[in-house]
Amino acid sequence: VNQDFPKVEGPQCVIKVLGVGNSGGYTIDRIPSALSKNLEFWAVNTDEDSLRQSLKNGINVLSMGRAVTDGEGARGDPNIGELAAAGSIENICTMISGANVCIITCGLGSGTGS
């Protein structure tokens, strides 16, 4: 069905898509830019090498827990991911502020996303 919908006037909904950990970052790195016109993407990770790739793809990045991981990632330990998030809570709150909807994508095998 090819249908023209009326343009919605007024404030737009702010949607932020957060890719957490390596798996979440890989996911948002692969979303075609044509689909992301009205979305704000963030790669959130303890692994700074992974964040550099997202930055190259034009995605906003948030490095969590540098004091805990030295930017080396959670090394498969969800407790390290939790400590990293707790130590970065102010930055996380700033990142999601203003959003009406946050969509979070991550892997739950272990590590930062878990």
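This text walks through the salt bridges of one predicted chain, then turns to a buried serine.

Start with confidence. The chain averages a pLDDT of 87. Of its residues, 89% score at least 70. Confidence is highest in helix α5, residues 89–96, at a mean of 96. It is lowest in helix α1, residues 21–29, at 89. Where pLDDT is low, the predicted coordinates should not be read in detail.

Now look at the charged side chains. How many salt bridges does a search of the whole structure find? The search finds three. Take them one by one.

The side chains of Lys16 and Glu40 form a salt bridge, with 3.6 Å from N to O. Lys16 belongs to strand β1, residues 15–20, and Glu40 to strand β2, residues 39–45, so the pair ties together parts that are 24 residues apart in sequence. Is Lys16 buried or exposed? Lys16 has a relative accessible area of 5%. The cut-off for buried is under 20%, so Lys16 is buried. Its partner Glu40 is partly exposed, at 28%.

Move on to Arg66 and Glu48. Their side chains meet in a salt bridge at 3.1 Å, N to O. This pair links distant parts of the chain. Arg66 sits in helix α3, residues 66–69. Glu48 sits in helix α2, residues 48–56. The two are 18 residues apart. Arg66 is partly exposed, with a relative accessible area of 46%. Glu48 counts as buried, at 18%.

Stay with helix α2 for the remaining pair. Here the side chains of Arg52 and Asp49 meet in a salt bridge, 2.4 Å from N to O. Why are these two separated by about one helical turn? They are three residues apart in helix α2, and that spacing is why. Arg52 is partly exposed, with a relative accessible area of 46%. Asp49 counts as exposed, at 52%. The cut-off for exposed is over 50%.

One residue of helix α2 is still to visit: Ser50. Ser50 counts as buried, because its relative accessibility is 10%. Which residues does Ser50 contact, leaving aside its neighbours within four places in sequence? They are Asn22, Tyr26 and Asn45. With Asn45, there is also a polar contact: 3.4 Å joins the side chains of Ser50 and Asn45.

Look back at helix α2 in the model. Glu48 there pairs with Arg66 of helix α3. Asp49 and Arg52 pair within helix α2. Ser50, also in helix α2, makes its polar contact with Asn45.

How values were computed:
Residues numbered from 1 in each chain as written. Predicted model: local features only at pLDDT ≥ 70, side-chain atom pairs only at ≥ 80, totals over all residues. Heavy atoms only, no water. pLDDT = per-residue confidence, 0-100. Helix = DSSP H or I, 4+ residues; strand = E, 2+ residues; numbered from the N terminus. Salt bridge = Lys/Arg side-chain N within 4 Å of Asp/Glu carboxyl O. Buried < 20%, exposed > 50% of the residue type's maximum accessible area, 1.4 Å probe, protein only. Polar contact = N/O pair within 3.5 Å; in protein donor to acceptor, adjacent residues only side chain to side chain. Contact = heavy atoms within 4.5 Å.
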